[in-house]
Amino acid sequence: MPASATDTRRADSRDRLPGPVPPRTRLWLDFVNTDAAAQMPGGDLLRDFEALLAWLRQEAAVDEERGAGIRRRAVLQPAAAAATLVDARRVRAALRALAERGDTYDKVRDDAVIEINRVLGRSAGTRRLDPDPDTGRYVHTFVPTGDAFAGLMIPIVESAADSLISNELPRVRRCADPRCHRVFLDGTKNGMRRWCDMGTCGNRAKAARHRARHGDAK
């Protein structure tokens, strides 16, 4: 029997999976999951510029010293800070599309690459290797020159670029729970993970299947 288009696509996806099993998280996916859709009913985690800066600091994408300097600059330049927040949400929207449909649609992937290159191209600065005071490990840092706000999205888009370079998109997917909009990187060996978190969405699905079976038994 000839293989169907679906079977061919599944085989192709398996062939394109990266060899080593990837870790379970990526900065760009965590960034996508800050949006209102993923945080319902809590709302957008990037509700204002201060929240954006706090999130970047929490994720070690901005160190404490630089974060304090940018916070002071935001007070002096509120319009620039507001524009930076708008731009961050624009980047996030492009990356959500990449996470959800980038492995299937060339245009979505190409649009995300254009957005990534737009951010990379406008941000002048220096790449450094510095110790992370929180973990004791070494991390890449980006020190922008000129516009203090311009480099804030650099770690986010570089994380997405790394996933594209490593061909990880077949492992990136949205949670199978239709009520959940969170995206994740499947780090399981067999590449069959369906839920963003087994303790929440996975358990809800198990409970729903149990109720359905119990109802049928009646």
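A polar contact is a pair of N or O atoms within 3.5 Å, of which, within protein, one must be able to donate a hydrogen and the other to accept it. The structure shown here is a predicted model, and this criterion leads directly to one of its arginines.

R193 is found in the loop between strand 4 (183-185) and helix 9 (198-217). The side chain of R193 reaches the backbone oxygen of C196 at 2.4 Å, and a polar atom of that side chain also lies 2.8 Å from the backbone oxygen of W195. With a relative accessibility of 18%, R193 counts as buried, because the cut-off for that class is under 20%. Along the chain, R193 and A176 are 17 residues apart, while 9.2 Å separates their C-alpha atoms.

A second arginine, R96, belongs to helix 6 (residues 78-101). R96 likewise counts as buried, at 12% relative accessibility. Its side chain is joined to the side chain of D35 by a polar contact of 2.5 Å, and the side chain of R96 also reaches the backbone oxygen of H181 at 2.8 Å. Leaving aside residues up to four places away in sequence, R96 touches V32, N33, D35, A38, H181 and V183. D35 and H181 therefore appear both as partners in these short distances and among the residues that R96 touches.

Attention now turns to open space in the model. The largest pocket holds about 900 Å³ of space. Its lining comprises 30 residues, of which E59, A60, A61, V139 and H140 are the closest to the centre. Helix 2 (27-32), helix 5 (64-76), strand 1 (125-131), strand 2 (138-144) and helix 8 (154-165) each supply at least two lining residues. Strand 2 gives the most, with six residues. By class, the lining has 14 charged, 11 nonpolar and five polar residues.

One of the residues closest to the pocket centre, A60, also has a notable backbone angle. Most residues other than glycine have a negative phi. A60, although not a glycine, has a positive phi of about 60°. A60 is found in the loop between helix 4 (49-58) and helix 5, and its relative accessible area of 44% makes it partly exposed.

N167 also has a positive phi of about 60° without being a glycine. N167 is placed in the loop between helix 8 and strand 3 (172-174). With a relative accessible area of 32%, N167 is partly exposed.

Conventions:
Residues are numbered from 1 along each chain as its sequence is written. This is a predicted model: local features need pLDDT of at least 70, side-chain atom pairs count only at pLDDT 80 or more; totals for chains, interfaces and linings use all residues. Side-chain values use heavy atoms; hydrogens and water are left out. Helices (H or I, at least four residues) and strands (E, at least two) are DSSP runs, numbered from the N terminus. Buried means under 20% relative accessible area, exposed over 50%, partly exposed in between (1.4 Å probe, protein chains only). Contact means heavy atoms within 4.5 Å. On a 1 Å grid over the protein atoms alone, a cavity is a set of points where a 1.4 Å probe fits but cannot get out, and a pocket is an open set with protein on both sides within 12 Å along at least five of seven lines; lining residues have an atom within 4 Å of a point. Grid points are joined across faces, edges and corners, and a volume is the space filled by probe spheres set on the points. Ala, Val, Leu, Ile, Met, Phe, Trp, Tyr, Cys and Pro count as nonpolar, Asp, Glu, Lys and Arg as charged, and the others, Gly among them, as polar.
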